[in-house]
Amino acid sequence: MLGTAVGIVKKTVGAVAKISITEVAKVADGVKAVSELIVPDRKRSLAEVTEDLKRLKELRDLGILTEEEFEEKKKKYMEML
């Protein structure tokens with residue numbers, strides 16, 4: 001599913017912004033990296049969790065993460081508090 005989202009981002013950004021495929025690939029890679037946030041095995045501060053959840057929400061709002069993926073990651077982050 002994420003691969004499809006990355007493909008859509010590449011096509012959309014390329015069509016809308018008229019930028020080079022290299023720049024589109026960089027944007028898509030950045031989106032993929034953020035969407036695959038690694039959940040550390042340690043307690044995290046409320047500020048850290050809040051910031052990560054904001055990033056995940058942005059990805060959900062953009063349609064890059066599904067609601068199910070968002071809720072799964074959100075649950076993992078909430079357990080770290």
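## Close-up views of a four-helix model

**View 1. The whole protein has four helices and zero strands.** Helices (H or I, at least four residues) and strands (E, at least two) are DSSP runs, numbered from the N terminus. Along the sequence, the order of elements reads α-α-α-α. This is a predicted model, in which local features need pLDDT of at least 70 and side-chain atom pairs count only at pLDDT 80 or more, while totals for chains, interfaces and linings use all residues. Residues are numbered from 1 along each chain as its sequence is written, and side-chain values use heavy atoms, with hydrogens and water left out.

**View 2. The protein's surface and interior can be put into numbers.** About 5,600 Å² of the protein is exposed, and carbon and sulfur atoms supply 59% of that area. Accessible areas come from the Shrake-Rupley method with a 1.4 Å probe; for residues, only the protein chains shown count as cover. Of the 81 residues, 26% count as buried. Here buried means under 20% relative accessible area, exposed means over 50%, and partly exposed lies in between (1.4 Å probe, protein chains only). A contact means heavy atoms within 4.5 Å. Among contacts between residues at least 6 apart in sequence, 58% join residues at least 24 apart.

**View 3. Helix α3 (residues 46-61) and helix α4 have axes that come within 10 Å.** The two axes cross at roughly 175 degrees, which makes α3 roughly antiparallel to α4. The axes are lines fitted to C-alpha atoms, for helices over the stretch in contact, and angles run from 0 to 180 degrees between N-to-C directions. Angles under 35 degrees count as roughly parallel, over 145 as roughly antiparallel, 65 to 115 as roughly perpendicular and the rest as oblique. On the α3 side, the residues that meet α4 include Val49, Leu53 and Leu56. Among their partners on the α4 side are Phe70, Tyr77 and Met78.

**View 4. Two residues of α4 can be placed by their distances to other residues.** Lys76 lies in helix α4. Between Lys76 and Val49 there are 10.0 Å in space, C-alpha to C-alpha, although they are 27 residues apart in sequence. Glu69 also lies in helix α4 and is partly exposed, with a relative accessible area of 25%. Glu69 and Leu56 are 13 residues apart in sequence and 9.4 Å apart in space, again C-alpha to C-alpha.

**View 5. Arg55 and Asp52 meet through their side chains in a salt bridge (2.8 Å, N to O).** A salt bridge is a side-chain nitrogen of Lys or Arg within 4 Å of a carboxyl oxygen of Asp or Glu. Side chains of opposite charge can pair when their charged atoms come close. Both Arg55 and Asp52 sit in helix α3, three residues apart, about one turn of the helix. Arg55 is partly exposed, at 32% relative accessible area, whereas Asp52 counts as buried, at 6%. A search of the whole structure finds five salt bridges.

**View 6. Lys57 takes part in a network of salt bridges with Arg60, Asp61 and Glu67.** Within this group, the side chains of Lys57 and Asp61 meet at 2.6 Å, N to O. Because they are four residues apart in helix α3, Lys57 and Asp61 are separated by about one helical turn. Lys57 counts as partly exposed, at 38% relative accessibility.

**View 7. Lys76 and Glu72 form a salt bridge in helix α4.** Their side chains meet at 3.9 Å, N to O. The two residues are four apart, about one turn of the helix. Lys76 is partly exposed, at 41% relative accessibility, and Glu72 is partly exposed too, with a relative accessible area of 47%.

**View 8. Leu46, Met78 and Leu81 make a nonpolar surface patch of about 290 Å².** Patches are made of residues with over 30% relative accessible area and no salt bridge: like charges are joined within 9 Å, and nonpolar side chains (Val, Leu, Ile, Met, Phe, Trp, Tyr) within 5 Å. Met78 is found in helix α4 (residues 67-78). Met78 is partly exposed, with a relative accessible area of 42%.
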